[in-house]
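Trainee: I should like to learn how to read the features of a structure in a systematic way. May we go through one together?

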Amino acid sequence: MSKSIIGTLSQKKNQILTLWMRNQLSDGGLRDDLMNNEDLRQQSAELLDCLFDTVTDDTLTAPDAPSLAPLIDQLTHVSMSRARQGFTPRETGTYIFSLKDALLEIFRHERKEDSEQLLGEILLISKFIDSLGIVTFETFIQGREEVIMRQTDEMTEISTPVVQIWDGILAMPLIGTLDSSRALVVMENLLQEIVRTGSGIAILDISGVPTVDSMVAQHLIKTVNATRLMGAECIISGIRPEIAQTIVHLGIDLSQVVTKSTLASALKHAFASMRIEVSKANSRSF
Amino acid sequence: MTNPAMIDVEASETLAVRQESDVIQLTSYIRQQVVLMGMSTLNQTKLSTASSELARNMLIHGGGGTVQVEQISMKSKKGIRLIFTDNGPGIADIEQAMQSGYSTGSGMGLGLPGARQLADEFQLTSAVEEGTTVTILKWAND
């Protein structure tokens, strides 16, 4: 009568940890610059404890079992934190797969006498560790995606600045593609700044917007209408020749909006409507 | 419409459009392809505007879909062919949908007719309850 797989392994926990650590430390891809060996040992020990606390021979074949949730959570945590620390997916994968080598090595000693049973059990363990490996990949990517999402949010924030270029004149240079969520941020920021500064004219510069499709145009028109409602005038500048032709082909009607080709000509228009005259200083007056 | 048999497909890539950020990714991918082809800035802008219109349509009305981006050539001409496919509700009245200003949603109703204007060739097939396929073609310098 042979003992259960997990029962056999959990008796050898310390040996497994030693082997696992040896495997990890001997691996060429060890990142001791990102995590020191003591932390790595502790992380590995915690994961191993959790593994033997939750896994039984039955759940070995069912990695989705609810009783394994704590293990998956722990693994998710490890993988996520590694993603944030800057480990590559290969390094995180190797971390889990080197555990397999340790477990199999123990088993080879334990089941020396019955090779048939050994083979079956090795397959079981192998499959189980593989599924854990897949979990780390999934969460690793998830961790990275969160980083990307955060950066996207930050970029939306910084890429919609409103600057006061003259007393009563605001300018908002837009750079990059406008999607619905960004268009809303643009409108909100602009309207708030109009109130805060008491400006009468706002210039929306779209030199840095690569395409103006009907949705972007619709957002621009809405922004212009909203500024009008607040008693301010909104000029759209930075309309490049190819954008102008595309807008015409699309059949978008921007005739109700004051548009200029450059920010400079928009500023000139703003000066004119505010009856401001800018002239070169007379050198004799200095 | 150019006879499809006369067109050689040199490379093809399929991209999925499931959310708004995919539309941006699609247009920048198309831009990369056509810059290498030497397409003029005007045609680049027309093509990416048309593709963002169609991709957005697919997202709003068809619940997302896929876009096949093909680099094509015919004799010495080079170009891009885009095939937008969704499995959405389809378009019941194509003639009406192609009219400028007609929209079932909150848009301006310029997407389909605009894309036809901006592309060199445009083809739309749709079956109710089955989905819609729009194919557009733009030569690099025509």
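Mentor: The following exchange goes from a single chain to helix packing, the chain contact and individual residues. Please keep in mind that this is a predicted model.

Trainee: Let us begin with the architecture. How many helices and strands does chain B have, and in what order do the elements run?

Mentor: One reads the elements from the N terminus onward. Chain B has four helices and five strands, and the order is β-α-α-β-β-α-α-β-β.

Trainee: What share of the residues of chain B count as buried?

Mentor: Of its 142 residues, 39% are buried. One may also ask how far apart in sequence the contacting residues lie. Among contacts in chain B with a separation of 6 or more, 66% join residues 24 or more positions apart.

Trainee: Turning to chain A, why does the length of helix 8 agree with expectation?

Mentor: The check uses a rise of 1.5 Å a residue. Helix 8 of chain A covers residues 214–229, which is 16 residues, so a span of 22 Å is expected; the end C-alpha atoms are 22 Å apart, in agreement. After this helix comes A:Gly231, with a positive phi near 85 degrees.

Trainee: Which residues of helix 8 of chain A are buried, and what do they pack against?

Mentor: The buried residues are A:Ser214, A:Met215, A:Val216, A:Ala217, A:Leu220, A:Thr223, A:Val224 and A:Thr227. Within chain A, their packing partners are helix 7 (180–197), strand 3 (201–208), strand 4 (233–237) and helix 9 (241–250). They also pack against helix 2 (41–61) and helix 4 (111–118) of chain B.

Trainee: How should I read the packing of two helices, for instance helix 7 and helix 8 of chain A: at what angle do they pack?

Mentor: Take the angle and the axis distance together. Helix 7 and helix 8 of chain A pack at about 20 degrees, with axes 10 Å apart. Angles under 35 degrees count as roughly parallel, so helix 7 of chain A is roughly parallel to helix 8 of chain A. Their crossing is right-handed. Helix 7 of chain A contributes A:Ala183, A:Val186, A:Met187, A:Leu190, A:Leu191 and A:Ile194 to the contact, while helix 8 of chain A contributes A:His219, A:Lys222, A:Thr223, A:Ala226 and A:Thr227. By class, the residues of this contact are seven nonpolar, three polar and one charged.

Trainee: Which angle do helix 9 of chain A and helix 2 of chain B make, and how is it classed?

Mentor: These two helices pack at about 45 degrees, with their axes 9 Å apart. Helix 9 of chain A is therefore oblique to helix 2 of chain B. The crossing of this pair is right-handed. From helix 9 of chain A come A:Glu242, A:Ile243, A:Gln245, A:Thr246, A:His249 and A:Leu250; from helix 2 of chain B come B:Thr41, B:Leu42, B:Thr45, B:Lys46 and B:Thr49. The contact of these helices has three nonpolar, six polar and two charged residues.

Trainee: How many residues does each chain bring to the contact between the chains?

Mentor: Chain A brings 18 residues and chain B brings 21. On the side of chain A, helix 8 and helix 9 each supply at least two residues. Helix 9 of chain A gives the most, with six residues. The chain A side divides into six nonpolar, nine polar and three charged residues.

Trainee: Now a single position. Why does B:Met39 count as buried?

Mentor: Burial is judged by counting neighbours, and 20 or more are required. B:Met39 is buried because it has 24 C-beta neighbours inside 10 Å. B:Met39 sits in the loop between helix 1 (20–37) and helix 2 of chain B. Beyond its neighbours within four places in sequence, B:Met39 contacts B:Val34, B:Gln44, B:Ala140 and B:Asn141. B:Met39 and B:Ala140 are 101 residues apart in sequence, yet their C-alpha atoms are 4.4 Å apart.

Trainee: What is the sign of phi in A:Arg275 and B:Lys75?

Mentor: The general idea is that most residues other than glycine have a negative phi. A:Arg275 has a positive phi, near 55 degrees, and B:Lys75 likewise has a positive phi near 55 degrees. A:Arg275 lies in the segment after helix 10 (263–273) of chain A, and B:Lys75 in the loop between strand 2 (65–74) and strand 3 (77–86) of chain B.

Trainee: Are these residues buried or exposed?

Mentor: A:Arg275 is exposed, with 6 C-beta neighbours inside 10 Å. B:Lys75 is exposed as well, with 8 other C-beta atoms within 10 Å.

Methods. Residues numbered from 1 in each chain as written. Chains lettered and ligands numbered in written order. Predicted model: local features only at pLDDT ≥ 70, side-chain atom pairs only at ≥ 80, totals over all residues. Buried ≥ 20, exposed ≤ 12 C-beta atoms within 10 Å, placed from the backbone. Contact = placed C-beta atoms within 7 Å. Expected span 1.5 Å × (residues − 1). Axes fitted to C-alpha atoms, helices over the stretch in contact; angles between N-to-C directions. Parallel < 35°, antiparallel > 145°, perpendicular 65-115°, else oblique. Left-handed = near helix turned anticlockwise from the far one by under 90°. Nonpolar A, V, L, I, M, F, W, Y, C, P; charged D, E, K, R; others polar.
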